[in-house]
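Reader: I would love a friendly walk through this protein chain, one question at a time. Could you have the structure at hand while we talk?

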Amino acid sequence: MANEDNLIIENIKTIARIRGVKFDYVIDSLAEAIKAGVKRKYGKGVESEVNVNKSTGEIKINLVKKVVEKVNEPDKEIAIEDAQKIKECNIGDEIRIPIPIGELGRTAIESVKQALTQRISEAERNRIMAEYEKKIGEIVKGIVKVVSRNEVLVDLGPIEASIPYYGMMRSEHYRLDSPIRAVVLKVERAQWGPKIILSRTDPKFLERLLFYEIPEIKDGIIQIVKIVREPGIRAKVAVQTLDPKIDPIGACVGYKGSRIQSIVKELSEEKIDVIQWSKDINLLVSRSLSPAKVKEIKQIGEGSVLAIVPDEDYSKAIGKNGVNVDLASKLTGLHIEIKKISEYEKELEEKKLKETKIEDIATLNKKMKKMLIDKGYTDVLSVLKATPDELKTLLSLDDEGVNELLEKLKPKKEEKPKDEDKEIKDAPESP
């Protein structure tokens, strides 16, 4: 019997180790399960005491009954003459009646086994739930087990996790039995146990990759202020440091991109723009439009700015399908309009011509001014926008007269100061 008891204890230790629950919890669960088995065998009203020796594995089961003269409740009471066959006692005493576990019978033993399994499974689910709740925002590794259009199932070892459609990168192809990394997005309690939701598209995934790859970020020398992503296409990371000796962009990118490239590879060639955070909103907008250069930033309303860029950088500023300017808007929290510098200068010139009245043009004689105003040409822009045929017809001019009129009204080109060709100081550079 001693050997059987020791075998029980060894089995309990094995269960505790495999299921990741405490040994004491399994012992307590076994005692509770046996109590349930006793009720199943002897009746729901029966009280019992179960003791499992943690060292030897010996199990002692006692029914607890009250000694009475006449039994009215057989589950809870025992007659004095029957009780005294067990031990000396008096009416009103509580007597403990030992029973061997074998007397419980096969049905009761099955109920003990079932109850123990349920309690240990529940403990295991709670342990996994608590374990992964602590890992929310952390990266975990697993093996791809199932791939469908809306979900990827990942084997994490003790549990299977899910990458839902919004956590899957559209540029990636997931292969069965291949290793995968993702960030724990949330943990939910489902009917069958913990439901672990993973993501490879959440900005937190990129943040943790930077944390592990860049020592200065891990040490807190460089702080990540904000990350925005278009997963698989482009991401923008705003960083800052309080140490003036540290170049936060250079530290994150690494020599010849050595640090950032490993992250780009993990994200299936997603481009990453690392920019230095600034409280100067114009400078921040300019940097956020990297890799485009920015000539000038203008406030055009509450929460909106206009970014003027060289003509050759216009497509870079917008980005494919507008991704670059969208990410810059999300990073800065502003609506950003992009305009080519040639278009901007043309608009400024036309505005100036619109504000210049015909009657103020010194090079026109009174007769011509009156003719123009009488025909509705009150400003210079309206004349320059008219076609030569229209001017000839309305003003009764020949070709030479029209050309002479337009020559007098056309703005004279001025030489630009040399510093006008410079971009905004400290404009962004593509890492």
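Author: Here are some questions and answers about the strands, helices and loops of this predicted model.

Reader: In what order do the five strands of the barrel follow one another?

Author: Happy to start there: the barrel has mixed pairing, and its neighbouring strands are turned by 50° against each other on average, direction ignored. One of its pairs is E5 (residues 139-147) with E6 (residues 151-155), which run antiparallel and are joined by four bridges. In that pair, Val 147 stands opposite Val 152. The order in which the strands close is E5-E6-E7-E9-E8.

Reader: Which helix packs on that sheet, touching E5, E8 and E9?

Author: The helix you are after makes an angle of about 120° with the direction of strand E8 (179-190). Its contacts also take in E5 and strand E9 (193-199). Spanning residues 105-133, this is helix H4.

Reader: Which strands are the edges of the open sheet?

Author: This sheet has three strands with mixed pairing, in the order E10-E11-E12, and the twist averages 20° from one strand to the next. E11 (residues 234-241) runs parallel to E12, with six bridges between them, and Val 239 has Gln 276 of E12 as its bridge partner. An edge strand here pairs on one side only, and the two that do are E10 (222-230) and E12 (271-276).

Reader: At what angle to E11 does helix H11 run?

Author: Two helices can be described against this open sheet. Helix H5 (residues 203-213) lies across E10, E11 and E12 and runs at about 140° to E10. Helix H11 (residues 323-332) also lies across E10, E11 and E12, and its angle to E11 is about 35°.

Reader: Why are the buried residues of H16 on the same side of the helix?

Author: Helix H16 (residues 399-409) has Gly 401, Val 402, Leu 405, Leu 406 and Leu 409 as its buried residues. They sit on the same side of H16 because the arc they cover around the axis is only 130°. The face turned away from them carries the exposed residues Glu 400, Asn 403 and Glu 407. The cover over the buried residues includes helices H12, H13, H14 and H15, and the value that places those residues together is the arc of 130°.

Reader: How far from Lys 369 is the nearest side chain of opposite charge?

Author: Lys 369 lies in helix H13 and is buried. Leaving out residues up to four places away in sequence, Lys 369 touches Ile 358, Glu 359, Ile 361 and Leu 364. A salt bridge needs a side-chain nitrogen within 4 Å of a carboxyl oxygen, and Lys 369 has none. The nearest side chain of opposite charge is Asp 360, at 6.8 Å.

Reader: Which residue in the turn of the E1 and E2 hairpin has a positive phi?

Author: E1 (residues 47-52) and E2 (residues 59-68) pair in the antiparallel sense over six bridges, with Ser 48 and Leu 63 as bridge partners. Along E1, Ser 48, Val 50 and Val 52 point to one face and are buried, while Glu 47, Glu 49 and Asn 51 point to the other and are not. Six residues lie between the two strands, and the one in the turn with a phi of about 85° is Gly 57.

Reader: Which peptide bond is cis, with omega near 15°?

Author: Look in the loop between helix H9 (281-288) and strand E13 (296-301), where Pro 291 is found. The cis bond leads into that proline, from Ser 290 to Pro 291.

Notes
Residues numbered from 1 in each chain as written. Predicted model: local features only at pLDDT ≥ 70, side-chain atom pairs only at ≥ 80, totals over all residues. Heavy atoms only, no water. Pairing = 2+ DSSP bridges. Axes fitted to C-alpha atoms, helices over the stretch in contact; angles between N-to-C directions. Contact = heavy atoms within 4.5 Å. Buried < 20%, exposed > 50% of the residue type's maximum accessible area, 1.4 Å probe, protein only. Arc of directions from axis to C-beta. Lys, Arg positive; Asp, Glu negative; His and termini not counted.
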